[in-house]
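Student: I'm new to this structure. Can you walk me through how to read it?

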Amino acid sequence: MQEKLNNIYALASADIEKATSSSDLDEIRLKYLSRKGEFNSIKKGLKDLSDEEKRVVGSLANEITQKLETAIKTKYSEFYRKELDAKLEKDRIDITLPGQFSPRGKVHPITSTTNEIVSIFQSLGFSLVSPDKSPEVETEYYNFDMLNVPKDHPARDVQDTFYSNLAQNVVLRSQTSNAQIHAMESKNPPIKVISPGRVYRNENVNARKNNFFHQIEGLYIDKDITFGDLKGVLNEFIRIYFGSARPTRFRSSFFPFTEPSAEVDVQCIMCQGKGCRTCSGTGWLEVLGCGMVDVNVLKGVGIDPDVYSGFAFGMGVERLAMLKYAIDDIRLFFNNDKRFLEQFKN
Ligand code: DAH
């Protein structure tokens with residue numbers, strides 16, 4: 001049996017010697033050292049030997065397999081390096097080939113407009129509320145009740161607001177004004193925040209209206225805040241955002257959560273105020289609602305209206321982007337037509 005082992009060893013060594021590639025070595029390993037290889041079949045015969053013989057033959061077999069393993073390994077690393085060099089030589093990279101063009105994505109105009117508006121308000125001392133502080137899936141409590149919206153207000157109709165059928169009193173928020181309540185609940189005045197986000201309305205879609213869009217809510221609560229402060233901040237915002245003077249108008253209005261309330265219109269850029277499809281013939285586009293925070297709203301969140309006052313506003317991001325870039329249809333923002341999106345360089 002020892003002789004048999006030595007013979008196989010001699011044969012295997014000769015094979016290793018003759019090998020010319022790593023795949024030759026793979027075959028040799030398979031032939032001699034694998035489970036079905038020659039050594040293993042000899043090892044299986046060990047059980048018929050005496051104890052003494054078992055020890056001698058067994059240790060010889062182990063010694064030989066180890067020697068062969070080492071020989072194969074050493075040779076393998078030689079081949080490996082050579083084969084790798086040859087491969088690298090063959091696969092030379094042609095650095096004169098033109099690179100593959102991969103187009104760069106651009107920030108969506110709604111995102112860039114939001115960022116721009118946010119940074120203007122930051123420069124005016126407002127801080128950004130993190131989005132998890134004003135959820136899009138909201139309770140009626142924050143979207144309406146706490147904002148002093150009466151139970152029978154038409155905005156609460158299912159024709160206007162999307163209700164969840166998963167839980168009672170849960171809506172897709174119809175306005176970012178819910179952020180005001182969350183802000184006032186989580187912090188004492190002074191509060192000076194802005195909160196951008198998406199809102200949903202059960203609208204008939206047209207050039208000016210989509211059933212979801214984006215708003216930026218602002219809230220400033222402190223001692224001695226007046227309507228003059230509100231006008232000053234919004235005029236300053238419009239001046240910075242549009243660059244040069246744009247005809248704008250402050251129009252008195254009504255919202256349940258502000259008293260007095262106003263809306264701001266900016267002259268339609270598509271028709272220069274003459275009236276067109278985008279502004280439905282009025283010459284103006286409404287861009288925001290605002291007002292002095294209603295006493296009932298302050299009381300609801302436990303802020304004393306005799307000590308504090310404040311203003312709030314909610315602006316439409318799409319409308320502001322349309323007016324800046326002369327976009328005549330709000331639906332363009334959501335069709336994801338590359339020809340439209342690629343025009344916004346940023
Ligand atoms: N939430 C109102 C809307 O979506 C806009 C608005 C009006 C927001 C007055 C305000 C505000 O913060 O004070 O139409």
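Tutor: Let's start with residue classes: Ala, Val, Leu, Ile, Met, Phe, Trp, Tyr, Cys and Pro count as nonpolar, Asp, Glu, Lys and Arg as charged, and the others, Gly among them, as polar. In the shell around the ligand, five residues are nonpolar, eight polar and two charged. This is a predicted model, where local features need pLDDT of at least 70, side-chain atom pairs count only at pLDDT 80 or more, and totals for chains, interfaces and linings use all residues. Residues are numbered from 1 along each chain as its sequence is written, and side-chain values use heavy atoms, with hydrogens and water left out.

Student: Which residues come nearest to the ligand?

Tutor: A residue is near a molecule if one of its heavy atoms lies within 4 Å of it. Here 15 residues surround the ligand, and Gln175, Gln180, Arg201, Gln215 and Glu217 come nearest.

Student: What lies 3.0 Å from a nitrogen atom of the ligand?

Tutor: Think polar contacts, meaning pairs of N or O atoms within 3.5 Å. That nitrogen has an N or O atom of the Ser177 side chain at 3.0 Å. Backbone N or O atoms also take part: one of Ala312 is 3.1 Å from a ligand oxygen, and one of Phe313 is 3.2 Å from a ligand oxygen.

Student: Which strands each supply at least two residues of the shell?

Tutor: Strands are DSSP runs of at least two residues, numbered from the N terminus. The ones you want are E5 (212-222), E8 (284-293) and E9 (309-316).

Definitions and conventions: Polar contact = N/O pair within 3.5 Å; in protein donor to acceptor, adjacent residues only side chain to side chain. Helix = DSSP H or I, 4+ residues; strand = E, 2+ residues; numbered from the N terminus.
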